[in-house]
Protein chains: 4
Amino acid sequence: MAQRKTLKSGIAAVEQDRITVHGLDLNRDLLGKINLGDMAFLELKKRLPTPQESVMFNAIAMAMAEYGMTPSAIVARIVYTGSPESVPPAIGAGINALGHGLAGAMEKAAKMLQQALPDPQANLDLEALAQKIVDAHAENRKIPGFGVPFHKPLDPRTTRLCEIARTNGFDGPYLKLMGLIKRQASSRFGQAFPISAPGAVGAIACELRLPWHTVRGILAVGRAVGLLGHLLEENDEPLAREIQTRAQEETTANLRQKR
Amino acid sequence: MAQRKTLKSGIAAVEQDRITVHGLDLNRDLLGKINLGDMAFLELKKRLPTPQESVMFNAIAMAMAEYGMTPSAIVARIVYTGSPESVPPAIGAGINALGHGLAGAMEKAAKMLQQALPDPQANLDLEALAQKIVDAHAENRKIPGFGVPFHKPLDPRTTRLCEIARTNGFDGPYLKLMGLIKRQASSRFGQAFPISAPGAVGAIACELRLPWHTVRGILAVGRAVGLLGHLLEENDEPLAREIQTRAQEETTANLRQKR
Amino acid sequence: MAQRKTLKSGIAAVEQDRITVHGLDLNRDLLGKINLGDMAFLELKKRLPTPQESVMFNAIAMAMAEYGMTPSAIVARIVYTGSPESVPPAIGAGINALGHGLAGAMEKAAKMLQQALPDPQANLDLEALAQKIVDAHAENRKIPGFGVPFHKPLDPRTTRLCEIARTNGFDGPYLKLMGLIKRQASSRFGQAFPISAPGAVGAIACELRLPWHTVRGILAVGRAVGLLGHLLEENDEPLAREIQTRAQEETTANLRQKR
Amino acid sequence: MAQRKTLKSGIAAVEQDRITVHGLDLNRDLLGKINLGDMAFLELKKRLPTPQESVMFNAIAMAMAEYGMTPSAIVARIVYTGSPESVPPAIGAGINALGHGLAGAMEKAAKMLQQALPDPQANLDLEALAQKIVDAHAENRKIPGFGVPFHKPLDPRTTRLCEIARTNGFDGPYLKLMGLIKRQASSRFGQAFPISAPGAVGAIACELRLPWHTVRGILAVGRAVGLLGHLLEENDEPLAREIQTRAQEETTANLRQKR
């Protein structure tokens, strides 16, 4: 049985007297010196963030952490119900809920932007790129990262994230492209086309040069943070059981009525 | 069908023009101002951390983030293999791996300490408490949060975390109790009884007055951060498939031989 | 790096021209000849079931498959919402919900019985064993596998499962012990002590000589079967989003009121 | 807060004295009378199978249940390692591994066939449909449901499943279309184009008139059955820890060498 391939990883070296992460000593360089968001940045970029990157990355990782009774939160709470033994599976199940249908916009927006503009240094005509994107989505008038069904007039997080991007020097070509898409789409389709919070996060991830396929991972980390509060509250003042019982009773009553 | 109970949550209010988390405005008070670890602290303590708490909490959340090819990392990588569509389920599965067998020490240590000393202000005799705990584990000589099979002479993270605790004023009764257990157990059982990194994290969680049942949640968040790097690397330089193929070939070869 | 241990598995041999499972040829001996429940039996017992075992095992595996809007079903539906890409993670999350709090009774009943009567051939005094078990649970008057909060007078599945057990020769010492516990506990605590469906399944698993720690696995398989119907229906007539929206709105309204 | 939508489900009615599934009484009509695969059929088709459908459906559900050290099996075993408390999360994580990359072929084949031939009664020119499909995949010469990298000359399960289909009257237009694609692709690309086992399962699912998006659900159920054996064996003769330790040691050694 030939071992056809060597297992290689450049992330961590775990030795008897020390642990290094991308060449940095966990004890000497990281613990007590950087924060959890910086650690995530290190995992993704293989280097520590600059102060500006630290602020920006922590902001996008946090922006999606808490949003009340999200699908993730309800799933985690139900799994946790009466199961003090199962905190990790509750969080794991909540993260499973970050599928494309509920949480795909962020990733899709980042992918769309990176495919349109693979090299952010390239001096491309952003207006033309925006038009191409709007064209490509003209049929159903839905563009990933745009449209805010609930918040009026726009998602409060979008404004703030763009402000932080400007202040820290991340208002580059991807955010500009988002702005142009917004303008062109509104004028063409005759309706407001606000950038959603997931859209802003996706574009800023591009500004931070993070590959689009890592974006839902950042979302998962942020949401896991939010789930901590939901599981603590579910432990102290449970509500998941009530949600489930109501659904059971309502569907049963409706079915009985039908007979 | 009576709705027997109102659904109440004090965590977040999601309104058209703003989102608040434990009374703080996500935009005005949190984004761009605090880091991801502070956000987790807010979820668990319903208030922002002091600067000292921020350093301490971020340190324990990060301490377990990265440890190379952990069970979690391998699970997440295998799930991700060839599935660019499934970043969240890969992370979710990796978090499922944080069961008691692999990741229980941290929670068990915190639980043991909080049950021994429910009120950290109470002026109890810590030596006596330590003796009671050592007694209770005398049979198999295993105490949650102690014993470091791999690192020699002790887990490098333990030293550093205790140092950060001292510097920031968190070397309170729970860490003292750990020290006393260590001393008593080594002298009684005639062997070194080093505090493990999970043990240090569990005790510091107690110093931060975090309920023991939230501790594996913090671990899950930290580990999710580490998985970001593993999934990125698995995407760029896959190794999970090789691990699986080797296991398939080796077990098949051994079974054939047996026949 | 020493390979300290050989990887051995006796389950399956995957060869170029055939696949065997516990020595049986998947094509020749299994496909088209046995059913899915028998396959599960083969995985657990390393041999095919007798006709009686086949009926009995399929019955306990099916008994928990469908029970309407269970926590599992709601979790799976929420994860699936709008995510045609994620059928397996939806089922995976639903299975995560089978924690001790929601689904532990079956396993706990089987464990209790196997610990009381490790050798079912041993000619022990079952009345005395029952008394010991009732004694051990006298404080909170809760015995795993007993008590049926919803169904009156008892869970309809219990009667039928016990009937199938009798017809097929599985009314052995474990079911007898359950009956004795029921009688002693009702007379002692002065209230009905019906055997729950999970209790009946747990006891019958013992009659089939299945280790208690595999029982929740059988539950997981059965429940996965039920989730197929829920995910199909969620696809055709979604309701998960409505459940989530109601919870979001109700908690937000209550929080606003409080301010 | 308006309840904008009623929660309706036609699957199960859970009443005090009985449980019905798609109108059938769980006790009277199902337990002890049908098998677990039939129960899954009932969930998906809302009626019981004919004897032929029962044989066919059980066969496809079982065909993927066991295949040795699959990604799913390793994931489930690692999650289970040392965690007797976590059987369901281990199965849940194993099911998460059934992503498109590892387990998509079955679903993709079914989708391709149902899109090509939405109405199996329609008298379409199957040769022309096959050509269209081969054309559409001419670039990379990969067609979902074809190609068997390991088994020579073809997956043993394919032959047997097709035989069961013939015997039971399920060798309809979808299996014919698969055969035509195979013939056309081999002649056009000058290489063998064997139907894979997932391809056969996908096509037979079409013959059973199951929507393509349910096919990975059936796979998940079958694989959950297989995981029962792997978790039992992992409990008795663990190997997951060894797999993980080897990976940890090999990557660490390679990283140290590089420095």
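## Chain A: contacts and composition

In chain A, residues 24 or more positions apart account for 72% of the contacts with a separation of 6 or more, a contact being a pair of heavy atoms within 4.5 Å. The model is a predicted one, in which local features need pLDDT of at least 70 and side-chain atom pairs count only at pLDDT 80 or more, while totals for chains, interfaces and linings use all residues; side-chain values use heavy atoms, with hydrogens and water left out. Residues are numbered from 1 along each chain as its sequence is written, and chains are lettered from A and ligands numbered from 1 in the order in which they are written.

Chain A holds 13 helices and three strands, taken as DSSP runs (helices H or I, at least four residues; strands E, at least two) and numbered from the N terminus. Of its 259 residues, 67% are buried, where buried means under 20% relative accessible area, exposed over 50%, and partly exposed in between, with a 1.4 Å probe and protein chains only. Along the principal axes, the C-alpha atoms of chain A fill a box of roughly 65 × 65 × 50 Å.

## Relations between the copies

A turn of 180° with a shift of 0.0 Å along the axis lays chain D on chain C with an RMSD of 0.0 Å, the superposition being by least squares on the C-alpha atoms of residues with pLDDT of at least 70 in both. This is the relation of a two-fold axis. The C-alpha of chain D nearest that axis belongs to Gly92(D), 1.9 Å away, and the same surface serves both copies, since 100% of the contact residues of chain D recur in chain C.

Chain C is likewise superposed on chain A by a rotation of 180° with 0.0 Å of shift along its axis, at an RMSD of 0.0 Å. Here Ala93(C) is the residue of chain C that comes closest to the rotation axis, with its C-alpha at 2.3 Å; 100% of the contact residues of chain C recur in chain A.

## The interface of chains D and C

In this interface, 91 residues of chain D are in contact with 91 residues of chain C. The two chains bury about 8,100 Å² between them, 67% of it on carbon and sulfur atoms, where buried area is the accessible area (1.4 Å probe) that two parts lose on being put together, summed over both. On the side of chain D, Gln16(D), Leu36(D) and Met62(D) lose the most area to chain C, together 9% of what that side buries. Helix H12 (residues 215-236) of chain D gives the largest share of the side that touches chain C, 15 residues.

Between chain D and chain C there are zero salt bridges, counted as a side-chain nitrogen of Lys or Arg within 4 Å of a carboxyl oxygen of Asp or Glu.

## Two local environments

Helix H7 (residues 105-116) of chain C has 12 residues and reaches 16 Å from its first C-alpha to its last, close to the 16 Å expected at 1.5 Å a residue, that span being 1.5 Å times one less than the number of residues. Its buried residues include Met106(C), Glu107(C), Met112(C) and Leu113(C), and what covers the buried residues of H7(C) includes helices H6 (100-103), H8 (126-136) and H10 (173-189) of chain C.

Arg77(B), in helix H4 (residues 71-80) of chain B, is buried, with a relative accessible area of 1%. Not counting residues up to four places away in sequence, Arg77(B) touches residues including Ser9(A) and Ile11(A) of chain A, and Glu233(B) and Glu234(B) of chain B.
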